[in-house]
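Reader: I would like to learn how to read the features of a model one by one, with the general idea set out before the particular case. Could we work through them together?

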Amino acid sequence: MTTRERILEALSVVHDPELDEPITSLGFVTSCEVSSAGDVEILLRLPTPQCAPNFAYLMAADARNVVRRLPDVGRIEVRLEDHYTGGEINAAIARDEGFAGAFPGETDDDQLDALRELFQRKALVARQARLCEALLAAGARPEQVTARCLADLPDDVDARRCVELRSQLRISCDSESPAFVAPNGEPLEAHELALWLRKARLVRTSLDVNGSICRSLLQIRSRRRAELEEVGT
């Protein structure tokens, strides 16, 4: 595997906080260049120039952090491309500063951490909803669903992501832990499942719709850029 391939693989674990999807599959990584000396330059283009600065910072900072953990990598530059606060965010990340470093006096890093955690809990709910629906559709009863532990779940993307999210949220994630939990980590009871699932579906639908909109906006943006470049040649 080349260094560039290892970098793209590392970037695949960076998720859009609002959509809970990898920035690579969303198409946000527009360029990844590696020099002969191992220096790395990564460009990120979000669906619109007006994407929320807090989410933009999280993705750019997370991208830099996962790449810097790779061996044999030199200088790392991650830049937001064509974002209305890209200059401030890019400069803060280059200085290895937090979100507050990009906008001094306007925010603090604790607020950003709280926001990240909020969306991690939403993502956990949405992923669990898909797993729960699949079990119920296969004929499982509510008491059978809530009796399952993590080891009983299928080895698929949703189950693996649930374990990752639970680890990040400091919710028990060993193989014998309850498979389905409330956002605070408490195990779900069978009599709670129907109401929990109705609410969870709303969260999941919101994430799915926002993801679809983001992909469409990014496609439109990329197409317009290509058209402008063609006109300019």
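Reader: Let me begin with charges and rings: which residue lies over the face of F119, and at what distance from the ring centre?

Author: Please keep in mind throughout that this is a predicted model. For a charge over a ring one looks at the distance of the charged atom from the ring centre, which has to be within 6 Å, and at its angle to the ring normal, which has to be within 35 degrees. Here K122 lies over the face of F119, at 4.8 Å from the ring centre.

Reader: Before we go further into side chains, how many helices and strands are there in the protein, and what pattern do they follow along the sequence?

Author: The protein has eight helices and five strands, and, read along the sequence, they come in the pattern α-β-β-β-β-α-β-α-α-α-α-α-α. Taken along the principal axes, the C-alpha atoms fill a box of roughly 60 × 45 × 40 Å, and 42% of the 233 residues count as buried.

Reader: How should I read the pairing of strands, and in which sense do β3 and β4 pair?

Author: Pairing is read from the bridges between two strands, of which at least two are needed. Strand β3 (residues 29-34) and β4 pair in the antiparallel sense over five bridges, and within this pairing V34 stands opposite V40 in β4. The hairpin of β3 and β4 has five residues between the strands, and G38 takes a positive phi near 90 degrees there.

Reader: What joins β4 to β5, and do the two run parallel or antiparallel?

Author: Strand β4 (residues 40-44) is joined to β5 by five bridges, and the two run parallel. V40 has I76 as its bridge partner in β5, while E41 stands opposite E77 in β5. Between these strands the chain crosses from β4 through α2 to β5, and this β-α-β crossover is right-handed. Four of the five residues of β4 are buried, so β4 is largely enclosed by the rest of the structure.

Reader: Which side chains of β5 point to one face, and which to the other?

Author: In a strand one follows the side chains in order and asks how burial goes with the face. Along β5 (residues 76-80) the side chains alternate, with I76, V78 and L80 pointing to one face and buried, and with E77 and R79 pointing to the other and not buried. For L80 the relative accessibility is 6%, and because the cut-off for buried is under 20%, L80 counts as buried. L80 and F28 are 52 residues apart in sequence, yet their C-alpha atoms are 9.6 Å apart in space.

Reader: How many aromatic pairs does a search of the whole structure find, and how do I tell their geometries apart?

Author: The search finds three aromatic pairs. Their geometry is read from the angle between the planes, where under 30 degrees counts as stacked, over 60 as edge-to-face and the rest as tilted. Y57 and F99 form a tilted pair, with 5.5 Å centre to centre and 55 degrees between the planes. Y57 lies in helix α2 (residues 53-68) and F99 in helix α4 (residues 99-102), so this pair ties together parts that are 42 residues apart in sequence. F99 also pairs with F103, edge-to-face, at 5.2 Å centre to centre and 65 degrees between the planes, and Y57, F99 and F103 form one aromatic cluster.

Reader: Are the rings of that cluster's residues in buried or exposed positions?

Author: Both Y57 and F99 are buried, F99 with a relative accessible area of 8%, and F103, at 11% relative accessibility, counts as buried as well.

Reader: Which residues that are not glycine take a positive phi?

Author: Two cases can be named. D82, in the loop between β5 and α3 (86-94), has a positive phi of about 55 degrees. D96, in the loop between α3 and α4, has a phi near 65 degrees.

Reader: Finally, how much space lies in the largest pocket, and which element gives the most to its lining?

Author: About 530 Å³ of space lies in the largest pocket, and of the 23 residues that line the pocket, the closest to its centre are V13, H15, R161, E164 and Q168. β1 (15-16), α2, α5 (109-137) and α7 (157-168) each supply at least two residues of the lining, and α7 gives the most, with six residues.

Terms used:
Residues numbered from 1 in each chain as written. Predicted model: local features only at pLDDT ≥ 70, side-chain atom pairs only at ≥ 80, totals over all residues. Heavy atoms only, no water. Phe/Tyr/Trp six-rings, centres within 6.5 Å; stacked < 30°, edge-to-face > 60°. Buried < 20%, exposed > 50% of the residue type's maximum accessible area, 1.4 Å probe, protein only. Right-handed = clockwise from strand over helix to strand, strands pointing away. 1 Å grid on protein atoms, 1.4 Å probe; cavity = no way out; pocket = protein on both sides within 12 Å on 5 of 7 lines; lining within 4 Å. Points joined across faces, edges and corners; volume = space filled by probe spheres on them.
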